[in-house]
Amino acid sequence: MITHASPSQILSLTLFALSGFICCFLFKGGTDISYMPALLLTSMGVFLAWSPTRRIEIPLHSFIYGLFLLYAGLSFFWSGAPYITLTTWLIICMMPISYLLGRCLLDFSPRAIHHSFVAFITIGALSCLYGLWIFNVRLHSVFSNPNTYAAFLVLSLIPCAVFFIQKRKPHRYIWGFLSALFIIALLLTGSRSGLLTALFSLTLIFTGLSQKNIWKYVLLFGGGYALMMTIAFWLDLPVFKRILYTFSEQYQESLQGRLIIWAGSWALAKDHLFYGTGLGTFFLEYPPYRQPYDPSVGDWAHWDGLQLWGEIGVFGAALWYGFWGSLATSMIHHRKTCSSIALIGGVGCFALFFQSHFTYLYTLLPLLFVMGMFLAFYDHETQGRPVLSLSKRPCLLILGGILLLALQSSGSMYFIQQAQKDPQKISFLEKLNSPSFYEYDLIRGRKGDLTALQHAKEKCHACSMPYLIEGFLYLQNHNKEKAEYSFKEALKKDPSNQMIRIHLIRLLLSKNHIFESQIWARKAFAYPLTPDQKKYFLHILKNKVR
């Protein structure tokens, strides 16, 4: 084993850090088209770090994850929106690519673990400082949502907590300071699922370490948690009030809302039991199943396993939970011989699994990136029985194919965004061979092409937007009867969309159908409303708006 990294290994590690930086800092926690540069940089790291003669042994749980990834990709062929399925699949490919990079780096040099942790925790600490600088109400830093940022903070906290317990002075002070920083940031996110996951992770750490006087550290972390909660209470921080609501009647309303979301998601999963709707298409297919008084935006099930069931069917969900079950079995088997690095890797993965039952994590690039590295740490340290051996050349060929798909997909997505701002740029989409894209048809439809809208309806049977645009086109042509039909069809597809309801009511009022407009206004109160929308519908019911 090489103890000193070569220039190519140093470069690959730099690419690893840069990839994480791009995912986390430049694209709101790994959204939009950030998967393209992240996949490219991580794949370059794999190419540089993988020795031509080295074979990577894959244990059972990682093999099962590979089967899950393969099955999820196959859903492209029966998906209602294939381009969304392809994009989502490319995003979740980040995890196995990051895993390969981690295994390659660790096989080259034991110092790679140290370098990887330094790079990751540095990024986490920088994100904390940036988040504190722009803090407003709830901390989310560069992420688009405080709950997903809380998951990232828990992953940052886990290695710091382990090193704080195991390292000696003066390094212990550094790890202790970083642990405190991540716990403070976690409290400021106001994420109840994040705090619960942190407690779950610390419990696994304390039970997994064979450290002397471990109870001293349990009391230290518990006391630190209590002290920070007391300070937050004394400062009267709004985020702390949100945490206090956990013990109030208001939390029961929040829990009831989550149960309503799960009920609608379960209905979707039952209707697509075996094959699902296609990976990544939940937000398109969910609106018709949305229950009254559903408080969510309707994009996620807030339970990754249930959402995957609805998207790729019961067999895909079984592979997903099979991976976690196999990993848990491996951790139990190695519990007495588990090193601190393996413990960090295993606990980090299960922290994501635990929190995924309360929020949406399985398509977030930075979390997938870190999960791949943590799983690589675990597999490298435990040396489980291999069920598959991978060589460099075929893996690089597969990575090359993934990158070509990512280039076409992300390029098309970028030009779609540009064409939505300026329809004259639609020629770029044609050059990229993107007429099969749903958005392409919507852009054509906005320009008056009813045939394109019909194609959009065929590509996404659950989507309301083609009917809404069709209704506007009929209104422009003064065909109110067809416009009314289109608006009603759009509302049937997405009954929680209040803007469609408002357009329908305005059309009915223009036809002097007061009673029918009041019927539609009354139905609006079963779904989330903004203050202005609530005011408008109340005026309709009081017959004050004509």
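**Salt bridges, a helix pair and a surface patch**

Lys 457 is buried, with a relative accessible area of just 11%. That is a handy place to start in this predicted model, since Lys 457 takes part in a salt bridge with Glu 470, where the closest N and O atoms are 2.9 Å apart. The two partners come from distant parts of the chain: Lys 457 belongs to helix 20 (residues 450-459) and Glu 470 to helix 21, with their positions 13 residues apart. Glu 470 is buried as well, at a relative accessible area of 8%. Both values fall under the 20% that marks a residue as buried, so this pair has a buried residue at either end. As a general point, side chains of opposite charge can pair when their charged atoms come close.

The structure holds 6 salt bridges, and another of them brings together the side chains of Glu 481 and Lys 511, at 3.0 Å from N to O. Here Glu 481 sits in helix 22, while Lys 511 is in the loop between helix 23 (498-510) and helix 24 (514-523), so the bridge ties together parts that are 30 residues apart in sequence. The two ends differ in setting: Glu 481 counts as exposed, at 53% relative accessibility, whereas Lys 511 is buried, with a relative accessible area of 18%.

Helix 22 also has a salt bridge of its own. The side chains of Glu 489 and Lys 492 meet at 3.2 Å, N to O. They are 3 residues apart in that helix, which means that about one helical turn separates them. Glu 489 counts as buried at 14% relative accessibility, but Lys 492 is exposed at 58%. Beyond single pairs, there is a network: Glu 481, Glu 484, Lys 488, Lys 511 and Glu 516 are joined into one by salt bridges that share partners.

Moving on to helix packing, helix 3 (residues 60-74) and helix 16 (residues 365-382) have axes that come within 11 Å and cross at roughly 150°. The two are therefore roughly antiparallel to each other, given that crossing angles over 145 degrees are classed that way. On the helix 3 side, the residues in contact are His 61, Ser 62 and Tyr 65. Facing them from helix 16 are Leu 368, Met 371, Leu 375, Tyr 378 and Asp 379.

On the surface, a nonpolar patch turns up, with about 930 Å² of accessible area in total. Its members are Leu 70, Leu 74, Phe 76, Phe 77, Trp 78, Leu 273, Phe 274, Tyr 275 and Phe 315. One of them, Tyr 275, lies in the loop between helix 12 (249-271) and helix 13 (282-285). Tyr 275 counts as exposed, with a relative accessibility of 53%.

Finally, a couple of loop residues have backbone angles worth pointing out. Ser 141 is not a glycine, yet its phi is positive, at about 55°. Its place is in the loop that runs between helix 6 (111-133) and helix 7 (146-166), and it is buried, with a relative accessible area of 4%. His 478, also not a glycine, has a positive phi of about 60°. This residue lies in the loop between helix 21 (465-476) and helix 22 (480-493). In contrast to the buried Ser 141, His 478 is exposed, at a relative accessible area of 71%.

Note on methods
Residues numbered from 1 in each chain as written. Predicted model: local features only at pLDDT ≥ 70, side-chain atom pairs only at ≥ 80, totals over all residues. Heavy atoms only, no water. Buried < 20%, exposed > 50% of the residue type's maximum accessible area, 1.4 Å probe, protein only. Patch = residues over 30% accessible without salt bridge, like charges linked within 9 Å, V, L, I, M, F, W, Y side chains within 5 Å. Areas by Shrake-Rupley, 256 points an atom, 1.4 Å probe, with all protein chains shown as cover. Salt bridge = Lys/Arg side-chain N within 4 Å of Asp/Glu carboxyl O. Axes fitted to C-alpha atoms, helices over the stretch in contact; angles between N-to-C directions. Parallel < 35°, antiparallel > 145°, perpendicular 65-115°, else oblique. Contact = heavy atoms within 4.5 Å.
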